[in-house]
Structures are given as structure tokens and as C-alpha cells.
Amino acid sequence: MPFVNARDLRVHYLEQGAGTPIIFVHGNWASASWWEPTLARLPAGWRGLAYDMRGRGQTSGPDSDYSVGALAGDLAAFMDALGLAAAHLVGHSLGSAVVLQLALDQPGRACSLLLLAPPWVDGMPLIEGAEARQRALKADPAMFALALKAIAPAVPDDAFWQRLVAEGHAQRLAAVLGNLPALAEWRPGDRLRTISAPALVVAGAHDILVTDAVSARAAEALGCRRVVLQGAGHSPNIEAPDQFVAALIAHLQ
């Protein structure tokens, strides 16, 4: 299990293969482990890297800032620590916002972008009681497990899934609560069209969190193609890994 120091963090990450680097950024209530099926399916010639974001997984460091801009800065620092001037970037949910923000802030660092179930590019609507709901999920592991399964219905309820649930629930409360204003205040909108790196949006046909309209709006703002994977919900990277990796490799090629 490799670690690297990046800014004020000791970052835990997974690594698979050798060659052209691809960095995978997980979503909220998740960890780098969500990318294990993807890493295992990468063909020769690719170096897959998946790290735990601030406040999540085995990465350690202060709860200094959970805004999308700050998390993008963490990603840049992780790349710097590994000596990577640029890489292909893949984000899931919150992770999609992080890689897009880095592409806006530091043009040239993204060789390409794949956005899996990207969030609202015009600001996430805040529903009354959202913070209380997040606190309740953190306080009740059983409720959390049910909620997570609802957005990833096609995942087998096996030992791997149970590990993902445990790692997700271990996320710090500060990261949980910080995610709400982070996504509500993140509103790049049509400014995303200024990103020159080739992009692809991938969505699950049965995603009840990032709906069809939300992912379609992200593709429109980016001016890129969108692929909808049948039989998957919010997390095709673990629900339909073969389909997801096929879409990823086709995009990279």
C-alpha cells in the first residue's frame, strides 16, 4: 500500500501497471478501492493510479478545506509528488468535479478527461434537511449501507461490496458535511467549454442520484459525447466494470 506526501496530506493510493498514467478520483462516501475493478482490467501500457481524497480512506491530514477548488489542489499536489506533469484524468461523481476543476485551473495537466456520473455543473440544488440526512447516515451504519446500495443496485452483495461500505462509512464527518456546500457552490457551467482536453461523459441508465438530465447537461457544457451504460446505476465502475473499462479504453484510443 503506497503512500506519498503531498502538501499537508499523507496520501494513500493504489497503483496498477506501467506506462501512460491515468489517475482515478473517487466520489463522496467512497475511497480508492472503488477503482479496483477498473485497475484490474487496464490493458498493458497503462499505469493506473487511484488515491484516497482528503478525509477519506487511508489518507491522513487536516480537515482544512473541502471545496472543489481545494480538492483539485490536492490532486495537483498528488501529481507533483509523483513527478507527473500531466495525466489522463478519470473522475466519479464528486471526483468528476475535482478533475474538471483541475483542468480549468491548470490547463495542460489533463491529457484527457472521463467524467463518470458527473455532478451538477450549475450548482447542486440543496434540499431541506440534507445536512441532517448526511449526519444520520454517518450515525447509523445500517442506514448508510442501505442508502449506498440504493444508488448502486447492480453491485453484488459480496465481500468486496461490504468492504466498500465499511470504507465509505469511515469517511470523516467533516468531509461528509463539507461535500454539500462544495457541490452547491461549484458552478463552472459553460466555462467548461474552454477545456481543450478531449472529454467523455459516462452515465448509468438507472442512476437515481445523477439523473439523465444532470449528466446530459455536463456533456452539453463540455461539448462532448455522452455514453449511457444500461443496467447500471450511479457507479458503473463497480456495477458494470467490463462495459465501463471498454468505454474508457475506446475514449483513450
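Trainee: In this predicted model, which residue is the bridge partner of Val25 in S5?

Mentor: The bridge partner of Val25 in S5 is Gly91.

Trainee: How do you know that strand S3 and S5 count as paired?

Mentor: Two strands pair if DSSP finds at least two bridges between them, and strand S3 (residues 19-25) and S5 have 4 bridges in the parallel sense, so the requirement for pairing is met.

Trainee: What makes S5 and strand S6 a pair?

Mentor: The requirement is again at least two bridges; S5 and strand S6 (residues 110-116) are joined over 5 bridges, in the parallel sense, and in S6 the bridge partner of Ala87 is Ala110.

Trainee: Why is strand S5 called mostly covered?

Mentor: A residue is buried when its relative accessible area is under 20%, and in strand S5, which runs over residues 87-92, 6 of 6 residues are buried. For the protein chain of 253 residues, the share that counts as buried is 58%.

Trainee: How many helices and strands does the protein chain have, and why is the chain called as compact as a globular protein of its length?

Mentor: The protein chain has 10 helices and 8 strands. Its radius of gyration is 16 Å, while the globule rule gives 18 Å for 253 residues; because the two values are close, the chain is as compact as a globular protein of that length.

Trainee: What share of the contacts between residues at least 6 apart in sequence joins residues at least 24 apart?

Mentor: That share is 78% in the protein chain, where contact means heavy atoms within 4.5 Å.

Definitions and conventions:
Residues numbered from 1 in each chain as written. Predicted model: local features only at pLDDT ≥ 70, side-chain atom pairs only at ≥ 80, totals over all residues. Heavy atoms only, no water. Helix = DSSP H or I, 4+ residues; strand = E, 2+ residues; numbered from the N terminus. Rg over C-alpha atoms; globule rule 2.2 N^0.38 Å. Buried < 20%, exposed > 50% of the residue type's maximum accessible area, 1.4 Å probe, protein only.
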